[in-house]
Amino acid sequence: MSEDKRRGDDIEDGGPGLIYMPFVIMEELLDKLRLLNYEKEFSRKLNLKPISRHYFAIPTNSGEQFFMFTSLAAWMLRVAGRNFEQPQEYDDPNSTISSILEEVRRFGHTIDFPPSKLKQGSGEHCIFVLDRLADEALKNIHFKWNRPSYPEEEMEEENVIEDEDAELTLNKVEDPIFGGGDDDDFEDDEPMMDLEGLKNLNQNRMQDGSKPEAILDSTTDAADWKLEVERVLPQLKVTIRTDNKDWRIHLEQMHQHRDGIQSSLTETKTYLDKLHDEISRTLEKISSREKYINNQLEQPLHDFRSAQDQLAETKERYKQASGGVTERSRSLAEVTEELEKVKQEMDERGNSMTDGAPLVKIKQAIQQLKKENTQMDIRTGVVEHVLLQAKLKDKTSQNKQAHGGGVGAGGQDSFNDFKGL
């Protein structure tokens, strides 16, 4: 929380690095996603490509980035212990964003920007929401940040010792005889003089107290002495190793660079002044030309604006006229359609009037009816005849019964005959 507070204070200050803060937070978010093992648990399961370290900081494809943002947010909400469904590509973006922000508010984070800022799928607001969800997911899996453990570098001490020796050696370069340090300060392939032994030898001679009674005269030849000096001279050579970490070398380089910058500045300042004067004169010429052109084109611009207004009025009248033409064209189409229907009905009636087939059918039907009527008449006559015979037989049988008292068998026979008909 202290880190977030410090980061918020930096943003409120509005420093020069404010525009780069989304890139820094995006890199931290990518580290948190890797701690959550998103490449295996999220990318592979949904068959999506892993995101780059500046994916949500730079707008590229708003649709793809918005889908990746909602998918990542839903996955981290599930990791944080919330029941959140995976959004689909054709879901309503407003409802999806409102659901995600509602879950973020439930975690206790304040949202001080409108939800429409998240529709782009990129930017500092999207990174803010994903970063807070990543923190909640890490809390849910009980992840804790440990203190960093730095590896011990054993070469550091040796370098410090070498630097101290070099500094001591540089301070005593002007001394005629000086006691050097270890054998590492000199080259390995050169023989070394035992200066300490010479010093001890001189001290022993001083302690003996023997004083020469007369002035010592050298019996050595000068030529041999010179040869001996030339032979021993390479052995008296002192090698001082230069270290790039020495602050004196850095200071000297700084002075050299400062002198070079000053010398270059004196040369380039004249050219820059000339360039400034030329640019100023050019700008003055451009401004004067602009004023002249504006004065010359004032009347044509006025005519052009009036022509534009007339064109707009003409377009409006054309639009109204075209609307009336469209309405009349539609009415004409309806009338034409009705006329076609009437023509079709008239053609059908004319064909039916000139066609003789229905008349032939009517004549055949009349003949069939006459034939059937004739048959019915014949049947009716037969039935009447049978009924008449039956009545006569019935009367004769009744007379016989009245005179003789017998059963009327003749009436029964006549009824059977009628039933057979």
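**Leu72 and the helices around it**

Apart from neighbours within four places in sequence, Leu72 is in contact with Leu33, Phe42, Ile51, Phe56 and Leu130, where contact means heavy atoms within 4.5 Å. The structure is a predicted model, so to speak of its local features a pLDDT of at least 70 is needed, side-chain atom pairs count only at pLDDT 80 or more, and totals for chains, interfaces and linings use all residues. Residues are numbered from 1 along each chain as its sequence is written, and side-chain values use heavy atoms, with hydrogens and water left out.

As for the overall layout, the chain holds 13 helices and 0 strands. Helices (H or I, at least four residues) and strands (E, at least two) are DSSP runs, numbered from the N terminus. Reading along the sequence gives α-α-α-α-α-α-α-α-α-α-α-α-α. Of the 421 residues in the chain, 16% are buried; buried means under 20% relative accessible area, exposed over 50%, and partly exposed in between, with a 1.4 Å probe and protein chains only. Taking the contacts in the chain between residues at least 6 apart in sequence, 61% join residues at least 24 apart.

How sure is the predictor? The mean pLDDT of the chain is 77, and 74% of the residues score at least 70; pLDDT is the predictor's confidence in each residue, from 0 to 100. For residues 156-193 the pLDDT is below 50, and this stretch has 26 contacts in the model beyond near neighbours in sequence. Residues 406-411 also have a pLDDT below 50, with 6 contacts in the model beyond near neighbours in sequence.

Back to the surroundings of Leu72. The largest nonpolar core has 40 residues, and Ile51, Phe56, Leu72 and Val129 have the most contacts inside it. At least two residues of this core come from each of α2 (21-35), α3 (38-46), α4 (62-79), α5 (93-106) and α6 (124-140). Helix α4 gives the most, with 9 residues. A nonpolar core is a set of buried Ala, Val, Leu, Ile, Met, Phe, Trp, Tyr and Cys residues joined through side-chain atoms within 4.5 Å.

One of these core residues, Val129, sits in helix α6 and is buried, with a relative accessible area of 0%. Not counting residues up to four places away in sequence, Val129 touches Phe69, Ile100, Leu101, Val104, Phe113 and Leu118. The C-alpha atoms of Val129 and His109 are 9.3 Å apart, with their positions 20 residues apart along the chain.

Helix α6 itself is largely enclosed by the rest of the structure, because 12 of its 17 residues are buried. Among them are Cys126, Ile127, Leu130, Asp131, Arg132 and Glu136. At 1.5 Å a residue, the 17 residues of α6 should span 24 Å, and its end C-alpha atoms are indeed 24 Å apart; the expected span of a helix is 1.5 Å times one less than its number of residues. Just after α6, His142 takes a positive phi of about 60°.

Next come the aromatic rings. A pair of such rings is described by the distance of the centres and the angle of the planes. Rings of Phe, Tyr and Trp (its six-membered ring) pair if their centres lie within 6.5 Å; planes under 30 degrees apart count as stacked, over 60 as edge-to-face and the rest as tilted. By this rule there are 3 aromatic pairs. Phe42 and Trp75 form a tilted pair, because their ring centres are 5.7 Å apart and their planes are at 40°. This pair links distant parts of the chain, with Phe42 in helix α3 and Trp75 in helix α4, 33 residues apart. Phe42 is buried at a relative accessible area of 2%, and Trp75 is buried at 7%. The rings of Tyr55 and Phe56 have their centres 4.9 Å apart and their planes at 90°, so this pair is edge-to-face. Tyr55 counts as buried at 14% relative accessibility, and Phe56 counts as buried at 0%.

A few charged residues round off the picture. Arg82 lies over the face of Phe107, at 4.2 Å from the ring centre; a charge sits over a ring if NZ of Lys or CZ of Arg is within 6 Å of the ring centre and within 35 degrees of the ring normal. Glu103, found in helix α5, touches Leu77, Arg82 and Phe84, residues up to four places away in sequence not being counted. Glu103 counts as buried at 10% relative accessibility, whereas Arg78 counts as partly exposed at 34%. Arg78 has its place in helix α4 and, leaving aside its neighbours within four places in sequence, is in contact with Phe84, Glu85 and Gln86. The C-alpha atoms of Arg78 and Ala137 are separated by 8.3 Å, the two residues being 59 apart along the chain.
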